[in-house]
Amino acid sequence: MPNALPITRRENFAEWYQAVVRLADLAETSPVRGCMVIKPWGWGVWERIQQILDRRFKETGHQNCYFPLFIPMSFLAKEAEHVEGFAKEMAVVTHHRLKTIDGKLQPDPEAQLEEPLIVRPTSETIIGDAFQRWIQSYRDLPLLVNQWANVVRWEMRPRLFLRTTEFLWQEGHTAHADKADAMRETRQMLEVYRDFAENILAMPVVAGEKSENERFPGADNTYSIEAMMQDGKALQAGTSHYLGTHFAQAQNIKYQTAEGGTAFCHTTSWGVSTRLIGGVIMTHGDDDGLRLPPAIAPHQIVIVPILRDKPEDADVSKFADELAKELGSLSALGAPVRVFVDKKPVKSVDKRWDWVRRGAPLILEIGGRDAAAGNVTFLRRDQMYDGPAGGKAKMQSLARAAFIGGAAKLLEEIQASLFTQAKRRMDENVRSDIKTLDEMKKYFGKDDEGGEFKGWVRVGWSKPTGAALEKVSATLKENALTIRNAPLDQSNVPATCIFTGAPAVEAVLIARSY
């Protein structure tokens with residue numbers, strides 16, 4: 001049978017991605033170029049991500065707060081390196097009123113702001129301003145806050161969930177008495193992200209430190225989790241930054257030490273965004289649409305009653321409702337099972353394929369015979385077919401009691417199955433046998449040449465600086481490549497740096513990226 005999408009991953013991965021976003025009913029473009037409308041199913045996924053991460057942040061001692069969307073330009077001007085990193089992406093507000101002039105609505109020339117305001121690209125500077133008021137003594141440290149917010153970074157080539165002018169995220173900001181405590185925080189939050197990606201999103205990642213040329217503007221150290229998409233490209237799925245005392249000095253964030261002196265705070269910041277949804281799509285999606293890990297699926301089990309305008313419809317509907325109630329009383333993956341009965345007046349086969357495209361983990365079809373016999377017919381979204389893709393949908397049947405008794409385990413199996421599939425794919429597509437720059441260039445060649453997706457390359461790195469680093473950056477840019485990170489696991493480091501020929505001090509991952 002044909003796939004549920006009009007295009008396959010191999011035919012055109014970028015168009016396949018857009019088809020999944022559209023046909024899984026996750027989001028759509030908005031009248032504002034570069035911005036998106038997140039639809040209820042997509043928002044339901046984001047809500048699950050928020051709820052689980054928010055709980056983990058609070059478990060690690062952080063409190064939520066909120067800071068203004070607008071940041072005075074003077075705040076940003078205090079941190080030159082930080083501003084330079086975002087300058088080309090900033091949206092600027094210059095007027096506070098509109099006026100009709102010559103029949104057209106325009107900014108009122110008399111309403112120009114004394115100081116332009118920047119629409120929040122990230123909040124280090126305005127949160128730093130608050131920290132310098134809130135922190136007076138060592139007793140106020142560490143200060144650990146997080147905010148859930150939207151940010152704006154002007155995007156020239158938008159792609160829903162991956163790169164949009166406005167996107168949603170959380171940003172944690174903390175202040176500490178010394179480097180050691182700030183570094184513990186930085187690494188702790190990196191681990192929170194790694195664990196969340198792998199155990200909740202079922203998305204395997206490599207945690208590691210960014211190279212000097214890839215650091216967050218103004219940071220001493222930047223750490224990331226990198227995920228491999230099905231086309232072999234890397235997606236930076238989360239970052240955690242040790243900012244040293246740079247922002248503290250710019251914002252005058254000082255504290256009185258226990259000995260009575262004064263010192264600048266050491267600060268950190270860390271965040272993930274709605275691009276995690278893009279990562280889930282490109283990690284787990286297939287040629288029939290989205291496949292959602294049960295941990296983040298808004299509906300883990302969808303029941304489709306087959307209603308035919310016959311007397312038996314009442315029994316089918318009753319059976320479906322009772323089944324939903326029993327399933328909803330269960331717990332799986334640490335939360336109550338989320339069940340939905342789809343009674344829309346649409347053909348059941350069309351509803352089934354709609355939920356296949358949306359990626360519901362378990363799709364149940366209940367007909368008259370099922371209701372009469374007390375059986376449950378179901379489809380596991382992670383195991384669509386009896387044979388190769390395009391074969392017959394793999395419908396299974398169990399007695400009602402047996403299905404209810406095993407439903408929680410089924411959801412856990414689907415969660416584990418999606419991770420296993422993605423982990424195997426990543427492990428098989430990290431090359432460690434490439435020893436020279438020419439070999440690496442040949443391996444990557446033209447992007448997706450011949451329909452072949454390229455993976456990552458693990459090579460030696462000597463940590464060049466200055467002119468040597470600039471030369472490496474130029475070489476990478478010419479070949480549309482980036483250093484993703486130096487993995488925390490540094491076993492079997494190659495002897496020499498692939499770029500400089502000098503002795504390698506660590507291994508790094510190189511890839512094309514989103």
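**Reading rings, cavities and backbone in a predicted model**

Q: To begin with the side chains, are W461 and F499 buried or exposed in this structure?
A: In this model, which is predicted, both W461 and F499 are buried, where buried stands for under 20% relative accessible area.

Q: How many aromatic pairs does the structure have, and how is the geometry of a pair read?
A: The general idea is to look at the distance between ring centres and then at the angle between planes, with angles over 60 degrees counting as edge-to-face. The count here comes to 16 aromatic pairs. One of them joins F13 and F453, whose ring centres are 5.7 Å apart and whose planes stand at 75 degrees, so this pair is edge-to-face. The F13–F453 pair also links distant parts of the chain, since F13 belongs to helix α1 while F453 sits in the loop between α13 and β25, 440 residues apart. Both F13 and F453 are buried. The pair of W461 and F499 has ring centres 5.8 Å apart and planes at 90 degrees, and is therefore edge-to-face. Because W461 lies in strand β25 and F499 in the loop between β26 and β27, their pair ties together parts that are 38 residues apart in sequence.

Q: Which residues do ring pairs link into a cluster, and where do charged ends lie over rings?
A: Ring pairs connect W46, F57, W148, Y193 and W270 into a cluster. As for charges, K78 lies over the face of F75 at 5.2 Å from the ring centre, and the charged end of R358 sits over the ring of W355, 4.9 Å from its centre.

Q: How many cavities of 30 Å³ or more are there, and what lines the largest cavity?
A: Rolling a probe the size of a water molecule over the atoms shows where empty space is left. In this structure there are three cavities of 30 Å³ or more, and the largest cavity has a volume of about 80 Å³. Its lining includes E124, I127, G128, F131, H173 and T174, and by class the lining holds five nonpolar, five polar and one charged residues. At least two lining residues come from each of α5, β10 and β16, with α5 giving the most, namely four residues.

Q: How many residues of helix α8 are buried?
A: Ten of the ten residues of α8, which spans residues 275-284, are buried, so this helix is largely enclosed by the rest of the structure. Among them are R275 and H284 at the two ends of that range.

Q: How exposed is G328, and with what is G328 in contact?
A: G328, which lies in helix α9, is partly exposed, with a relative accessible area of 32%. Leaving aside neighbours within four places in sequence, G328 is in contact with V337 and V339.

Q: Which residues does a cis peptide bond join, and where does a residue other than glycine have a positive phi?
A: Most residues other than glycine have a negative phi, and most peptide bonds are trans. Here a cis peptide bond joins L141 and P142, with omega about -5 degrees, and P142 is found in the loop between α5 and β9. K463 has a positive phi near 55 degrees; K463 lies in the loop between β25 and α14 and is partly exposed, at 47% relative accessible area. N492 likewise has a positive phi of about 55 degrees without being a glycine; N492 is in the loop between β26 and β27 and, at 68% relative accessibility, counts as exposed.

Notes. Residues numbered from 1 in each chain as written. Predicted model: local features only at pLDDT ≥ 70, side-chain atom pairs only at ≥ 80, totals over all residues. Heavy atoms only, no water. 1 Å grid on protein atoms, 1.4 Å probe; cavity = no way out; pocket = protein on both sides within 12 Å on 5 of 7 lines; lining within 4 Å. Points joined across faces, edges and corners; volume = space filled by probe spheres on them. Nonpolar A, V, L, I, M, F, W, Y, C, P; charged D, E, K, R; others polar. Phe/Tyr/Trp six-rings, centres within 6.5 Å; stacked < 30°, edge-to-face > 60°. Buried < 20%, exposed > 50% of the residue type's maximum accessible area, 1.4 Å probe, protein only. Lys NZ or Arg CZ within 6 Å of the ring centre and 35° of its normal. Contact = heavy atoms within 4.5 Å.
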